[in-house]
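Biologist: Thanks for sitting down with me. Could you show me the model, and then we can talk through its details?

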Amino acid sequence: MAFSWWHSDAMTHVLVALFAMGSWVSVNCLWVELPVVVSVLPEGWNLPAYLSVLIASGNLGPIAVTITHHCSPGRLNERMVIHFIQGLAIVTSVLLAIFWSHTISVGGEQRSVPFLLLAFVLSLVCCTSNVTFLPFMFRYPPQYMRTFFVGQGLSALFPCIVALGQGVGKVECKTANGTVQPQYLEENFPVQNFFWFLFVMLTISALCFFALTRRQTTVQSTEETSESDPVGVGAATSGDGEETHPLKNGGTPVSEDQIEVEKRPPAQNFWTPCNIYLMGLLGVSNALTNGVLPSVQSFACLPYGVLTFHLSVVLGNIANPLACFVAMFVLLRSSAGLGFMSAFGGVFAAYLLALAARSPCPPLLGSSGGVALVVFSWIIFTGVFSYLKVVIGTLLHEAGHAALLWCGIFIQAGSLIGALSVFPLVSIYHVFARSQDCVNNCG
């Protein structure tokens, strides 16, 4: 009993959240550090568009995992894949901290090949995590799925907090020779230190996953020697009435043998109209939150000022884990209700896209009302769609292991479509115009 806390539900929630934190922390760190690296790397402000394409290219990982599941059902060892991609991410973060600013001459021009290559590897890891981390969570009861999404929200929140401490993007307007020129203030600590922070976050996530697997092995060994356990694995509901999958045994993870059996359900049972509807909502949600809106956030917010941009990023990323936390207590199961929520969030998404399209002269420019409205819109947009993703993930968890695999696939497919759809608008046709610092862009 001395180590009963180690096997407590609270400790499981903590480990799951920190494990999930590592799923997208790499890409989130790359995004929040962009205002610093774009001033150093030769690609400049074209770098966000390049990064969007690299993230989309990272879907090669989920494609490989999906093909393996299809061609060799039940043969893919999710644990080993997760250990591998976590190790790969840790090594890549070390190389990124050392070589991020190095450039190579390509076609007579300097290009940041090391940064782009390492960013692609991290994107590959993050994308693959959605089709490995989520199916792994099938071993746990549904309430841990919500904790998992809280952890994913922390993967965006923690980098933002550190970036604020770094002083990313601070600028002052000073007059020199009769002209006003922007002076970009030096950060409180350099970029390489930020990427060392990424290394620490990834290491913590990997250690927590290792701890989860060790605890799971211990629990299973105990269960094998306790054949008279009064709690049956066939229970359909938990003590508080919450629906659980028949394989779930209270708060403990199920055995690997049970997982292997569950990996091979009849395929026709999953593709019901309700599940197709949920997958559609999930794809659209991720297209907006992971592809479209992040690519144009600077165009929508920077005309109102750097402070507005930072408030939108930070408060939006705070809304993400908060929405996931709310889902732990209030779970909306109505299909009509989920559709209404997605439409409600879509209104704010449309407003933010309209602001980006009107950049550098959006409505209510120069007014406190305009600043408040754009920040409020980012908070509601992020919160609504974060809650929607948690609810859908929880409902699909109850449909089985294959459902969580498809959940990860649709998350990645939506993100890919969103990123590819907005890339030509930003980088080729230049539909969105960036505002210039210390200049009257609308004069």
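Modeller: Gladly! One term before we start: a residue is called buried when its relative accessible area is under 20%, exposed when over 50%, and partly exposed in between. Please keep in mind that this is a predicted model.

Biologist: Is Asn 130 buried or exposed?

Modeller: Asn 130 lies in helix α7, which spans residues 113-130. Beyond its sequence neighbours up to four places away, Asn 130 touches Trp 24, Pro 135, Gln 152, Gly 408, Ile 411 and Gln 412. The cut-off for burial is under 20%. Asn 130 has a relative accessibility of 2%, so this residue counts as buried.

Biologist: Nice. How far apart in space are Leu 41 and Arg 111, C-alpha to C-alpha?

Modeller: Leu 41 sits in the loop between α3 (34-37) and α4 (47-57). With a relative accessible area of 4%, Leu 41 is buried, and among the residues it touches are Trp 100, Ser 112 and Phe 115. Leu 41 and Arg 111 are 70 residues apart in sequence, while their C-alpha atoms are separated by 7.7 Å.

Biologist: Which helix gives the largest share of the largest nonpolar core?

Modeller: The largest nonpolar core has 116 residues, and Phe 19, Phe 115 and Phe 195 have the most contacts inside it. The largest share of this core is 14 residues, and they come from α15.

Biologist: Let's stay with Phe 195. Which residues is Phe 195 in contact with, leaving aside neighbours within four places in sequence?

Modeller: Phe 195 is one of the residues with the most contacts inside the largest nonpolar core. In soluble globular proteins, nonpolar side chains tend to be buried together. Leaving aside those neighbours, the contacts of Phe 195 are Leu 30, Glu 33, Ser 93, Leu 96, Ala 97, Trp 100 and Phe 115.

Biologist: Now the backbone. Where is Pro 360?

Modeller: The peptide bond from Ser 359 to Pro 360 is cis, with omega near 10°. As for its place, α14 covers 335-358 and α15 covers 368-397, and Pro 360 is in the loop between α14 and α15.

Biologist: And what is the relative accessible area of Leu 364?

Modeller: Leu 364 also belongs to the loop between α14 and α15. Its phi is positive, about 60°, although Leu 364 is not a glycine. Leu 364 counts as partly exposed because its relative accessible area is 48%.

Biologist: Last one: is His 430 buried or exposed?

Modeller: His 430 lies in the segment after α16 (401-428). Its phi is positive too, near 50°, in a residue other than glycine. Relative accessibility is 51% here, so His 430 counts as exposed.

Technical notes
Residues are numbered from 1 along each chain as its sequence is written. This is a predicted model: local features need pLDDT of at least 70, side-chain atom pairs count only at pLDDT 80 or more; totals for chains, interfaces and linings use all residues. Side-chain values use heavy atoms; hydrogens and water are left out. Helices (H or I, at least four residues) and strands (E, at least two) are DSSP runs, numbered from the N terminus. Buried means under 20% relative accessible area, exposed over 50%, partly exposed in between (1.4 Å probe, protein chains only). Contact means heavy atoms within 4.5 Å. A nonpolar core is a set of buried Ala, Val, Leu, Ile, Met, Phe, Trp, Tyr and Cys residues joined through side-chain atoms within 4.5 Å.
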